[in-house]
Structures are given as C-alpha cells and as structure tokens.
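Thanks, everyone; I would like to take a few minutes on one pocket and on the helix pair beside which I will discuss it. Please have the model open as I go.

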Amino acid sequence: QGLAALGPEVIGKAPAGLFRQESRADFHAVVVPRIPDQVEHAAARVADLLEIDALLDEIGLPEVASGLQFQRPVQAPTSGVEAREQGETAASAVREHFGIHGAIIDLYAFAEDSLGIDVVTEPLEGDCDGIVAIGEHVAFAVIDNSTETHVRQRFTLAHECGHAILGDIPDGVRVDDRGLSDLVEERASWFAAALLMPADDLNEVVGAIPTAHLLTLAMLKFQV
C-alpha cells in the first residue's frame with residue numbers, strides 16, 4: 001500500500017514496473033506452491049519483502065550485505081545421535097567463527113548483521129512455528145511466530161537459522177510445523193539449543209549439581 005501510494009509522479013514509473021519480474025516469478029513458481037494454505041499470509045509477507053528489496057535496489061539505495069554469511073551443509077543424519085552431534089558441531093562452529101562467548105542477547109541482530117538472515121515476525125496460523133524461504137535478493141527470510149513468548153521466538157529463530165546453515169532448504173522453502181518430527185528437525189533443535197546455551201557456558205552457571213535456583217539463573221541468563 002505504501003509503495004503504491006508513491007505513484008508514477010514521484011518515482012517516474014509504477015512501482016510494479018520496478019520489481020524484478022524474475023524474482024517474483026521464481027518465488028511464486030518455486031516457493032508459494034510448497035506453502036500450506038494456513039500460512040498463506042506469511043508467504044505473502046515473504047513475497048512483499050522480495051519485491052521491496054528489488055525496488056530499493058532499482059531506485060539506487062546503498063546496497064547492504066545480504067544473503068547467508070555462514071554455511072555448513074552436511075548430509076541428513078541417520079540417527080538421533082548423529083542429529084545431535086551435527087547440530088551441536090554446527091552451532092559450535094558458528095560461535096567460534098563469530099567469536100561468540102556467553103549468551104547471545106540480541107539474537108535478531110546477530111541473525112541479520114552476522115549471519116545475513118533477514119528476520120520478520122508475523123503471526124502464523126495453525127501449528128506453524130516458522131518458515132525459511134530463499135529468494136534471489138533476500139537470500140533467506142525467517143518468519144517467526146510473533147504470537148509466541150519471547151523465549152519461544154528465540155528458540156524458533158535459532159532453529160530456523162540452523163536449517164539455513166545446515167543446508168536443509170534445497171527446494172527454496174521450509175515450513176516448520178510443531179507436529180513435524182524427523183531427524184532433520186531434531187538436528188535443527190540441537191543446533192538451536194547449543195547456539196543459545198552451549199554446554200560449557202551452561203556448566204559455569206549451574207555447576208555439577210544443578211539446583212532450581214541455578215537453573216532459574218541459567219534461564220534468565222540465556223533467555224531460554
């Protein structure tokens with residue numbers, strides 16, 4: 001609506017004419033058919049982001065680094081043990097690569113500024129927690145369920161980052177449903193847990209014999 005209000009008299013041509021047709025076509029051809037009906041609103045939001053990104057590029061605004069800045073694709077795990085090992089190893093590699101020590105306080109800023117993953121929160125219907133989508137100019141858009149609690153949103157975002165980093169989106173989009181349970185999902189959850197609350201840092205807080213008080217301190221410190 002805001003873009004349409006600009007009008008040809010302001011920017012010289014209709015906003016629709018500024019959008020890269022190939023980006024929009026690719027998104028609708030590849031991504032939209034794979035998104036369940038109950039999250040069509042979220043899919044439309046992703047499409048809007050892709051078009052806005054193309055518009056800003058066309059009118060010559062300064063370009064910012066976008067697209068995934070860290071990848072560690074691996075073959076799908078074949079067991080729960082392997083899923084945990086792959087997830088924790090990838091999370092450790094991310095923390096080491098970016099020099100992270102302790103808790104990640106602003107996960108949204110880290111995802112956007114360091115990982116290169118654009119983040120948008122939208123209320124999602126049904127049991128959908130998050131969506132990762134790949135476009136030409138916005139490499140990944142993570143849609144987090146903003147109706148959930150803050151700690152749930154953080155875990156969902158970390159989980160979606162795990163899918164992106166581990167190469168779980170070959171077809172352009174991944175929709176995470178709470179009822180979905182497989183080893184790839186399990187791996188992304190282990191990644192999220194290790195990214196937000198690595199074992200060494202957790203042990204520093206709770207010690208060898210965790211108490212209710214120490215566990216509460218850990219939850220506050222790591223926002224989990």
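**The second largest pocket and two helices**

The second largest pocket has a volume of about 280 Å³, where a pocket is an open set of points on a 1 Å grid over the protein atoms alone, fitted with a 1.4 Å probe and with protein on both sides within 12 Å along at least five of seven lines, and lining residues have an atom within 4 Å of a point; the volume is the space filled by probe spheres set on the points. This is a predicted model, in which local features need pLDDT of at least 70 and side-chain atom pairs count only at pLDDT 80 or more, while totals for chains, interfaces and linings use all residues. Residues are numbered from 1 along each chain as its sequence is written, and side-chain values use heavy atoms, without hydrogens and water.

Of the 15 lining residues, Glu 88, Ala 194, Met 197, Pro 198 and Ala 199 are the closest to the pocket centre. H6, H9 and helix H10 (199–206) each give two or more residues to this lining, helices being DSSP runs (H or I, at least four residues), and H6 provides the largest share, 5 residues.

Turning to the helix pair, H6 (residues 80–97) and H9 (residues 183–196) pack at about 40 degrees with axes 7 Å apart, the axes being lines fitted to C-alpha atoms over the stretch in contact, with angles from 0 to 180 degrees between N-to-C directions. H6 is therefore oblique to H9, that is, outside the ranges under 35, over 145 and 65 to 115 degrees.
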